[in-house]
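Let's take a walk through a structure together. Have a look at the picture below, and then we'll go from the whole chain down to single residues.

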Amino acid sequence: MLQSDNGAAPGIGYDLGMEIAASLIAFAALVVSWFVLPASPRQAAPHVTGELIPEAA
Amino acid sequence: MDKISAGDTAWVLASAALVMLMTPGLGFFYGGLVRRKNVLSTVMHSFFILCLISVQWVLWGYSLAFGPDFKGWGIIGDLSWIGLNGVTLAPDKDYAATIPHQAYMAFQMMFAIITPALISGAFAERKRFKAFVLFSLLWATFVYDPLAHWVWGHGGWLSNLGALDFAGGTVVHISSGVSALVAAWVLGKRITHKPGEEVEPHDIPMVVLGCALLWFGWFGFNAGSALAANGLATSAFVNTNTAAAMAALTWMTISWMHKGVPSVVGATAGAVAGLVAITPAAGYVTPAASILIGLVVSLVCYGAVQLRDRMNVDDALDVWAVHGVGGTVGAICTGLFATTVINSGAANGLFYGNPKQLLIQVIAVGASWVFSGVMTFVILKVVNVFVPLRVSEKEEAMGLDLSQHSEIAYSPS
């Protein structure tokens, strides 16, 4: 019967500490990336270059 | 009569109001993303559904979704609560023992309203208003109401199986997202849409405003689903904000890497994806897990947007990529991260030593995908027999604001 048994299977050593560590690493990676990523656009969108968008014409 | 809690009742009623606000908020979010000649049509989709389903829910929707199970099949409620007959101010112990039954009904009504409204983003800029009205009424009755009964109804088969869905990852987001993909495919592409071509949003501040209203309302959506003013509601509140924030940061970063700029629209899309993913998990996981869910959903949904771009389907506002895929990610993550430390009345997930829960979540996800997709296809075909689904090419080129409503959003003077 497919009923949840809340942990009868062997645990995998996972706990809250691992979750917190992983989330800290993820956040740190994002913050670091913001200082590494380029400051100017690689390709400008039409409204940046001043080209008229057909709908705006 | 059971003792009614003033605190619980106040919180659930306030949450119902918060969720109600999400529907016009969605109208702004979608409205800003379309071209200016279609903004009124897009906003009207949301506003009209708010009115339509408010009445449908009272008349028969609530009875089908949450009424006594028909013949014990676990598929649909019966009609014994038609017109809210028997839905009194006394609590219903099967659903919420400390608030009036009508408060529970009102709260659930707001979910029933926003779900079909979400689909409208897929067929924006080309669906005939009459067809939209008929489709929405049939979809709410034959897709949303049964699915809500399966997952949340007393005796629903997915509820009996033990599927965990705190506030609607399957019922709301997977159903609307998959239905959106089917609707976009059946309706066909916009006449001006070419693969790989992006249509510029006409009002990005409106998009951000809409996103903010959605985020604000989502506190009622998730934290209100605790159905009590208690610790679990607080937990869901914290998880909701955390996942949305992390997902927005992640999406913005990915778009920065991919396109060289941190996109404002991308940040709002990420926030919504995070809110979608945390919806089924909000009352079962830790705040740290919410951060990870926010990270993962943005990675996956951003990829889904790129995939949709390559598909021959014009899901105009990426409803499938954000809601369908995001809801799937959230439901699966619930099966991974759920812990009885947060919610002792629920179950542990895989990471806490219970792999069966993940399998149950996969079954719930699969059932939602198949049921929503097939039923939406059938409903669209039925509607098309009576009313053409699409406007004409001339009407589409003119814009739906003029062709369907004879109104323009912005006066030229």
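What percentage of the 413 residues in chain B are buried? The answer is 62%. Keep in mind as we go that this is a predicted model.

Let's stay with chain B and ask what it is built from. It has 14 helices and zero strands, so if you read the elements from the N terminus on, you just get one α after another. The radius of gyration of chain B is 20 Å, close to the 22 Å that the globule rule gives for 413 residues, so the chain is as compact as a globular protein of that length. Along its principal axes, the C-alpha trace spans about 60 × 50 × 40 Å. Contacts also link parts of the sequence that are far apart: among contacts in chain B with a separation of 6 or more, 75% are between residues 24 or more positions apart.

Now for the inside. The largest nonpolar core has 152 residues, and those with the most contacts inside it include Ala122(B), Leu214(B) and Ile293(B). Helix α3 of chain B, residues 101–119, gives the largest share of this core, with 14 residues. Have a look at where that helix sits: 18 of the 19 residues of α3(B) are buried, so it is largely enclosed by the rest of the structure. From its first C-alpha to its last, α3(B) reaches 29 Å, close to the 27 Å expected.

Helix α9 of chain B, residues 264–278, is another one to find. It reaches 21 Å from its first C-alpha to its last, close to the 21 Å expected. α9(B) is mostly covered too, with 13 of its 15 residues buried.

Next, zoom in on one of those core residues. Ile293(B) touches several residues that lie further along or back in the sequence, among them Ala243(B), Ala277(B), Ile278(B) and Cys333(B).

What about chain A? It has two helices and zero strands, and of its 57 residues, 5% count as buried.

To see the two chains touch, find Ile291(B), which is in helix α10 (residues 287–310) of chain B. Ile291(B) has 26 C-beta neighbours inside 10 Å, and the cut-off is 20 or more, so it counts as buried. Its contacts include Ser23(A), Ala26(A) and Phe27(A) from chain A, as well as Thr242(B) and Met246(B). Thr242(B) is 49 residues away from Ile291(B) along the chain, yet their C-alpha atoms are separated by 6.1 Å.

Notes:
Residues numbered from 1 in each chain as written. Chains lettered and ligands numbered in written order. Predicted model: local features only at pLDDT ≥ 70, side-chain atom pairs only at ≥ 80, totals over all residues. Core = buried A, V, L, I, M, F, W, Y, C linked by C-beta atoms within 7 Å. Buried ≥ 20, exposed ≤ 12 C-beta atoms within 10 Å, placed from the backbone. Helix = DSSP H or I, 4+ residues; strand = E, 2+ residues; numbered from the N terminus. Contact = placed C-beta atoms within 7 Å. Expected span 1.5 Å × (residues − 1). Rg over C-alpha atoms; globule rule 2.2 N^0.38 Å. Lists of a residue's contacts leave out its neighbours within four places in sequence.
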